[in-house]
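Hello,

Here is the structure I promised to hand over. Please have a look at it first, and then read my notes below.

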Amino acid sequence: MSDTVTRLETTRAAISRAARDFGRKPESVTLIAVSKTMPPEVILPALEAGQRVFGENYVQEAKAKWPGLRERFPDVELHMIGPLQSNKAREAVELFDAIHSLDRESLAKELAREITRAGRAPGLFVQVNTGEEAQKGGVLPADADAFLLRCRGVHGLAIEGLMCIPPAEEPPSPHFGLLAKIAARNGLKSLSMGMSADYEAAIQLGATHVRVGSAIFGARG
Ligand SMILES: *Cc1c(COP(=O)(O)O)cnc(C)c1O
């Protein structure tokens, strides 16, 4: 087995164990294998081992890598997890099955327009900047309820869930807990939270989608 496949199996087992530990069904947690910066030949063993849900951060990179892989694996599900420029909304709606970085009105408006135009709607996650970090995307926790109302009411968007990236230097659990609380009071069932270092804690606090890169594909260059 390739290193990637070994690490993928290890990650899958850890996700199942964490889910069961916290009284959840393993299949209630979707593993998004984050393949940003990884070339197709590194991704291929994961596909051959049955992994079907992948995350990418850049529209251009995903456009270059995935159409070829998708010809061979048509049931792949591709998630956009990186910041999305409004002028890339059209390409993103065409290429991705889910977008985790909806965080501003201008993007909501563009996505609504492109979803109507394309006749297909990716699953949408609103990103919340739980750590209120200046350099990070996401709506502020205090603005989340109002933003969700506008996404739904003004732009007619169906919102699937929330996403967060806790500050690197802080314990992540309070951030996961805050995201879960905002989701619950807004009637949202999906929580995209948890990465290589902290997906078990995220599962404990209700993650439905964990985004795991380096624990599967190894360190990025
Ligand atoms: C890169 C990235 C990940 C994966 O990070 P790892 O620490 O390699 O698991 C998850 N989420 C987002 C938003 C990312 O940009």
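A pocket is, on a 1 Å grid over the protein atoms alone, an open set of points with protein on both sides within 12 Å along at least five of seven lines. A molecule sits in one if more than half of its atoms lie within 2 Å of its grid points. Here the ligand sits in the largest pocket.

This is a predicted model, where local features need pLDDT of at least 70, side-chain atom pairs count only at pLDDT 80 or more, and totals for chains, interfaces and linings use all residues. Residues are numbered from 1 along each chain as its sequence is written, and side-chain values use heavy atoms, with hydrogens and water left out.

Among the residues around the ligand (a heavy atom within 4 Å) are Val 34, Ile 81, Met 195 and Ser 214. Polar contacts (N or O atoms within 3.5 Å) reach ligand oxygen atoms from three side chains: Lys 36 at 2.7 Å, Asn 57 at 2.8 Å and Arg 220 at 2.8 Å. The protein buries 89% of the 390 Å² that the ligand exposes when taken alone (Shrake-Rupley method, 1.4 Å probe).

There is also 1 aromatic pair in the structure (ring centres within 6.5 Å). Phe 54 and Trp 66 are tilted, at 4.9 Å centre to centre and 45° between the planes (stacked is under 30 degrees, edge-to-face over 60, tilted the rest).

Best wishes

Methods
Polar contact = N/O pair within 3.5 Å; in protein donor to acceptor, adjacent residues only side chain to side chain. 1 Å grid on protein atoms, 1.4 Å probe; cavity = no way out; pocket = protein on both sides within 12 Å on 5 of 7 lines; lining within 4 Å. Phe/Tyr/Trp six-rings, centres within 6.5 Å; stacked < 30°, edge-to-face > 60°.
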